[in-house]
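The exercises below are to be worked with the sequence and the coordinates side by side. Each task is followed by a solution that goes step by step.

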Amino acid sequence: MYSVKAPGKLYISGEYSVVENGYPSVITSVNKYLRIDIEEKSGEGRIFSDILSDSYVSWNRDENDQIIFSEELDGEYIKSAMDIVEKIVLENGKKLKYYNLRIDSELNNIDGKKFGLGSSAAVTVATVRALNELYELSLSNLQIYKLASLIHISVQGNGSFGDIASSTYGGIIAYTSPDKKEVNNLLSECQTISEVINQPWKDLNIEYLSLPSNLDFLVGWTGKPASTGKMLKLMDKFKLDKQQQYQKFLSDTKACVLNVIQGFKESNIDKIKEYISFNRVLLNKLAEQSVVEIETPLLRKLCDISEENHASAKISGAGGGDCGIAFVEKDNNQNLNDIKKEWESEGIVILNLGIGEVINYAKTR
């Protein structure tokens with residue numbers, strides 16, 4: 001049996017602009033994980049999951065070796081991951097196997113509500129990693145990222161794939177999304193999936209960053225789950241109707257995020273905090289112009305409380321709910337304690353999160 005874990009993620013900077021190729025972002029993985037155990041079987045396979053159902057779903061193969069499920073699988077990312085990885089398996093001249101998948105997630109609360117930590121990306125990355133180990137494909141992190149991105153294209157069709165990069169690489173990364181038109185061209189032009197993931201992807205960039213030793217982040221959850229896909233669709237009309245304003249947002253945000261990245265590279269806490277706060281200003285201006293509620297009243301409280309206590313804060317992700325993130329210097333314990341106390345008094349749930357580890361896997365008997 002193999003066990004793999006993929007961490008959740010939080011955006012630090014660059015939301016909305018990152019969906020456009022060539023525009024940077026900063027993302028951190030977090031130390032809450034989605035784990036998959038995979039075990040080879042001699043016959044029918046099963047999927048056990050605390051995020052899909054209380055029991056399990058069986059699967060088998062038809063006469064063309066296509067995977068068929070005993071009942072509807074409420075997990076399109078898992079199904080798509082199984083299908084696309086098996087294409088790689090066949091392209092490598094390997095035989096298909098039956099297996100059980102057991103999925104356990106820390107990315108939801110006890111009521112099953114998502115924290116907004118990228119559970120769809122984590123389950124996709126973890127499934128690809130598990131199958132990579134089972135079939136001994138020796139895929140690199142970059143190839144796993146690309147496969148998981150192709151899965152998201154097939155299921156979701158939009159997004160930046162930044163959460164996939166974070167769940168694949170771990171740590172804090174500077175991330176620029178690939179040109180999705182070029183990726184779709186590769187899908188049309190290449191004969192195999194292996195060829196698609198081995199080709200360079202235009203504009204894609206993934207680079208590790210380090211958190212300054214005297215800087216920490218605090219995460220608050222509003223208790224209101226949000227849909228990134230829905231928020232992006234709400235933004236589409238604004239992008240079409242007010243292209244000049246949208247292009248101004250993109251250029252201003254790019255300059256802002258590049259300063260955040262430079263702050264991390266220089267371990268310059270003042271620069272990081274200054275441009276995190278400025279990113280909040282840009283997002284709120286975007287919300288006003290697009291009439292899309294990015295910073296909800298509770299997220300606004302979260303950010304205002306943080307700023308009143310000498311921290312820098314903003315939404316993390318597409319907004320409309322989910323989480324906010326605040327950066328505070330470690331030697332300001334009083335400010336940190338005050339923020340926590342005031343957040344809790346407003347009904348904001350503090351998530352005790354740190355940076356997620358680089359992905360690891362283990363084989364057990």
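**Exercise 1.** In this predicted model, determine which aromatic cluster Trp59 belongs to, and then classify the pair formed by the rings of phenylalanine 238 and tyrosine 246.

*Solution.* Trp59 forms one aromatic cluster with Tyr98 and Tyr99. Turning to the pairs, the structure holds 10 of them. For phenylalanine 238 and tyrosine 246, the ring centres lie 6.3 Å apart and the planes stand at 85°, so this pair is edge-to-face, given that planes over 60 degrees apart count as such. As for the surroundings of the two residues, phenylalanine 238 and tyrosine 246 are both buried. A further pair is made by tyrosine 275 and phenylalanine 278, whose ring centres are 6.5 Å apart with planes at 80°, so that pair is edge-to-face as well. Both residues belong to helix H9 (residues 269–290), where they are 3 residues apart, about one turn of the helix. Phenylalanine 278 has a relative accessibility of 34% and therefore counts as partly exposed.

**Exercise 2.** Work out which strands pair with S3, and in which sense, and explain why S3 is largely enclosed.

*Solution.* Begin with strand S4 (residues 56–61), which runs antiparallel to S3 and is joined to it by 4 bridges; in this pairing, arginine 46 stands opposite serine 58. Continue with strand S6 (residues 98–105), which pairs with S3 in the parallel sense over 3 bridges, and here serine 49 has isoleucine 103 as its bridge partner. Finally, consider burial: of the 5 residues of S3 (residues 45–49), 4 are buried, so the strand is largely enclosed by the rest of the structure.

**Exercise 3.** Describe how helices H3 and H4 pack, including the composition of their contact.

*Solution.* The axes of H3 (residues 141–155) and H4 (residues 162–169) are 9 Å apart and make an angle of about 145°, and the crossing is right-handed. On the H3 side the contact is made by Asn141, Leu142, Ile144, Tyr145, Ala148, Ser149 and His152, and on the H4 side by Ile164, Ala165, Thr168 and Tyr169. Sorted by type, these residues comprise 7 nonpolar, 4 polar and no charged.

**Exercise 4.** Establish the strand order of the open sheet that contains S10 and S12, and identify the helices that lie on or across its strands.

*Solution.* The sheet has 4 strands in the order S10-S11-S9-S12, with antiparallel pairing. Strands S10 (312–316) and S12 (349–351) are at the edges and have a single partner strand each, so one side of each is left without a neighbour in the sheet. From one strand to the next the twist averages 30°. Between S9 (residues 215–221) and S11 (residues 323–329) there are 7 bridges in the antiparallel sense, and valine 219 has isoleucine 325 of S11 as its bridge partner. H9 packs on the sheet and touches S9, S10 and S11, with its direction at about 50° to that of S10. Helix H11 (residues 333–345) lies across S9, S11 and S12 and runs at about 5° to S9.

**Exercise 5.** Find where glutamate 136 lies, and decide whether it is buried or exposed.

*Solution.* Glutamate 136 is situated in the loop between helix H2 (119–134) and H3. Its relative accessibility is 57%, so glutamate 136 counts as exposed. The backbone of glutamate 136 has a phi near 55°, a positive value in a residue other than glycine. For context, most residues other than glycine have a negative phi.

Conventions:
Residues numbered from 1 in each chain as written. Predicted model: local features only at pLDDT ≥ 70, side-chain atom pairs only at ≥ 80, totals over all residues. Heavy atoms only, no water. Buried < 20%, exposed > 50% of the residue type's maximum accessible area, 1.4 Å probe, protein only. Helix = DSSP H or I, 4+ residues; strand = E, 2+ residues; numbered from the N terminus. Pairing = 2+ DSSP bridges. Axes fitted to C-alpha atoms, helices over the stretch in contact; angles between N-to-C directions. Left-handed = near helix turned anticlockwise from the far one by under 90°. Contact = heavy atoms within 4.5 Å. Nonpolar A, V, L, I, M, F, W, Y, C, P; charged D, E, K, R; others polar. Phe/Tyr/Trp six-rings, centres within 6.5 Å; stacked < 30°, edge-to-face > 60°.
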